[in-house]
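Let us take a friendly walk through this model, with an eye on its pockets, its small sheet and one unusual peptide bond. Please keep the viewer open as you read.

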Amino acid sequence: SRPVARRCFPAIRAKKGVIMVGNETTYDDGRGRRRNVTELLEGAKKANVVLETRQLAMKIFEDYTVSWYWIIIGLVIAMVASFVFIVLLRFLAGIMVWVMIVMVILVLGYGIFHCYMEYAKLKGEAGSDVSLKDLGFQTDLRVYLHLRQTWLAFMIILCIVEVVIILLLIFLRKRILIAIALIKEASRAVGHIMMSLLFPLCTFFLLCLCIAYWASTAVFLSTSNEAVYKVFNETACQFSGQTCKPETFNTSNVTKLCPDAQCLFAFYGGETAYHKYLIVLQFFNVFMFFWLANFVIALGQVTLAGAFASYYWAFKKPDDMPAFPLFSAFGRALRYHTGSLAFGSLILAIVQVIRVTLEYLDHRLKAADNKFAKFLLSCLKCCFWCLEKFIKFLNRNAYIMIAVYGTNFCTSARNAFFLLMRNIIRVAVLDKVTDFLFFLGKLLIVGSVGILAFFFFTQRIKLVQDTAPPLNYYWVPILTVIVGSYLIAHGFFSVYGMCVDTLFLCF
């Protein structure tokens with residue numbers, strides 16, 4: 001035998017292509033049974049995977065210990081970049097929007113030109129005139145790029161998209177100007193309420209508390225089971241199948257009446273009413289987690305909406321604004337609107353729990369061959385996904401109306417919905433313009449910080465080549481910096497997005 005992970009394993013060796021233990025192809029497993037060496041080999045492979053995973057985890061941990069301060073520096077750079085982007089929007093929003101629009105038109109124009117050049121180049125080449133219908137479906141997609149018809153189709157699609165965008169710009173130019181004005185105004189509002197950029201940390205902290213409470217409750221519930229032991233015997237016995245205790249079994253009457261009886265482990269779970277309904281308690285715990293998490297997010301949205309609304313409605317800015325607009329809005333939300341927030345969160349939590357239940361049913365039905373049930377589940381999952389997105393959108397605008405007017409949830413949701421429906425074109429244009437700007441901002445910040453981290457940790461920047469820490473896997477800190485940068489940028493832009501939505505509804 002040989003030691004592996006502090007355990008004795010039979011020593012395997014190959015002799016003339018045959019795997020053996022000692023000089024035999026079978027071995028004693030220590031329980032009086034002869035087993036084949038192939039079984040041992042399979043087990044050894046699985047044990048090796050565990051050991052390799054452990055070594056990988058240790059190396060990743062080592063990388064974090066030597067690079068954690070550089071990761072923090074990378075995240076600080078992402079924070080500064082996000083802040084600078086928001087400041088730039090205040091002064092260059094108009095230029096940035098029009099530059100983006102022109103860039104999209106130019107990129108599409110180049111695409112049309114490239115497709116035409118490829119289409120013209122393939123003229124007269126062998127096999128290029130085969131139609132897509134005759135070619136049929138091919139797994140190698142490169143085959144399609146050698147056909148003239150493919151490039152013609154691409155060119156037609158891009159021409160249609162180009163014409164649609166140009167027509168939309170002509171008809172919606174006034175709406176785009178409103179969007180630009182609103183983005184500029186949102187930058188001014190954020191400039192007057194700088195504390196709002198740090199508010200997502202408060203929401204994040206409260207969400208962490210919710211997650212910790214849910215996780216600890218789930219762990220306590222799942223480990224509150226008990227090991228159940230039952231009487232097993234080969235001959236007839238009146239005690240067969242009854243529960244027993246291994247500690248006192250040898251001194252009980254059972255061994256006297258049934259000498260061959262044994263007290264063996266049956267299952268883990270317990271047989272009381274509490275243990276039978278553990279799944280219901282877990283389900284309730286999940287539901288409460290969704291409700292609490294949605295309530296925390298709603299509280300954050302109402303607080304930000306209240307602060308930005310106080311900026312919009314102030315006649316003289318910033319003199320007529322409260323001294324601490326964020327704290328004033330937070331106090332109002334907790335004192336007057338807790339019920340409305342809880343009700344809005346409850347509706348969303350119910351939909352989310354239904355979605356989780358459908359996912360659970362889908363997981364259980366994967367082994368089944370019932371096509372209709374799978375189709376029905378897919379339809380339900382799609383419908384409830386759409387419903388969740390709609391409720392989130394409606395709740396967000398309802399919370400803004402609650403912060404502005406102080407009305408209850410139902411009244412606010414109705415007023416917000418009809419107000420948005422009356423201005424549907426403005427809503428659509430504003431939403432898409434701001435979404436695209438924020439997406440560009442996130443992409444710019446994450447991309448630039450990610451590239452900087454890549455060049456630094458791979459020691460390609462000659463000035464700081466010796467400063468970079470030695471790493472087992474350079475992708476560990478790079479990936480951490482990229483994910484962290486995205487979360488920071490998302491936090492900044494979520495505040496900015498809330499500001500735009502609030503000012504838009506006020507307008």
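Helices here are DSSP runs of H or I with at least four residues, and they are numbered from the N terminus. Please bear in mind that the model is predicted.

**A cis proline**

With that numbering, the loop between helix 9 (278-312) and helix 10 (325-336) is the place to look for Pro 318. The peptide bond that joins Lys 317 to Pro 318 is cis, with omega at about 0 degrees.

**The sheet**

Next come the strands. Three of them make up an open sheet, in the order 8-7-9, with antiparallel pairing. Strand 8 (243-244) and strand 9 (262-268) are at the edges and have a single partner strand each, so one side of each has no neighbour in the sheet. Strand 7 (residues 227-232) and strand 9 run antiparallel and are joined by six bridges. One place to see this pairing is Ala 227, whose bridge partner in strand 9 is Tyr 268.

**The pockets**

Which residues lie closest to the centre of the largest pocket? They are Ile 297, Gln 301, Arg 396, His 490 and Ser 494, out of 50 that line this pocket. Its lining takes two or more residues from each of helix 5 (199-222), helix 9, helix 11 (338-364), helix 12 (371-405), helix 14 (424-457) and helix 15 (475-506).

In the second largest pocket, 14 residues form the lining, and Ile 101, Leu 169, Ile 176, Lys 432 and Val 433 are the closest to the centre. Helix 1 (37-121), helix 3 (148-171) and helix 14 each give at least two residues to this lining. Helix 14 thus appears in the lists for both the largest pocket and the second largest pocket.

Here are the two pockets in brief:

| Pocket | Volume | Largest share of the lining | Lining by class |
|---|---|---|---|
| Largest pocket | about 1,800 Å³ | helix 15, 13 residues | 31 nonpolar, twelve polar and seven charged residues |
| Second largest pocket | about 400 Å³ | helix 14, five residues | 13 nonpolar, no polar and one charged residues |

The class counts are worth a look beside the model. The lining of the largest pocket includes twelve polar and seven charged residues along with 31 nonpolar ones. In the second largest pocket, the lining has 13 nonpolar residues and one charged residue, with no polar ones.

Terms used
Residues numbered from 1 in each chain as written. Predicted model: local features only at pLDDT ≥ 70, side-chain atom pairs only at ≥ 80, totals over all residues. Heavy atoms only, no water. Pairing = 2+ DSSP bridges. 1 Å grid on protein atoms, 1.4 Å probe; cavity = no way out; pocket = protein on both sides within 12 Å on 5 of 7 lines; lining within 4 Å. Points joined across faces, edges and corners; volume = space filled by probe spheres on them. Nonpolar A, V, L, I, M, F, W, Y, C, P; charged D, E, K, R; others polar.
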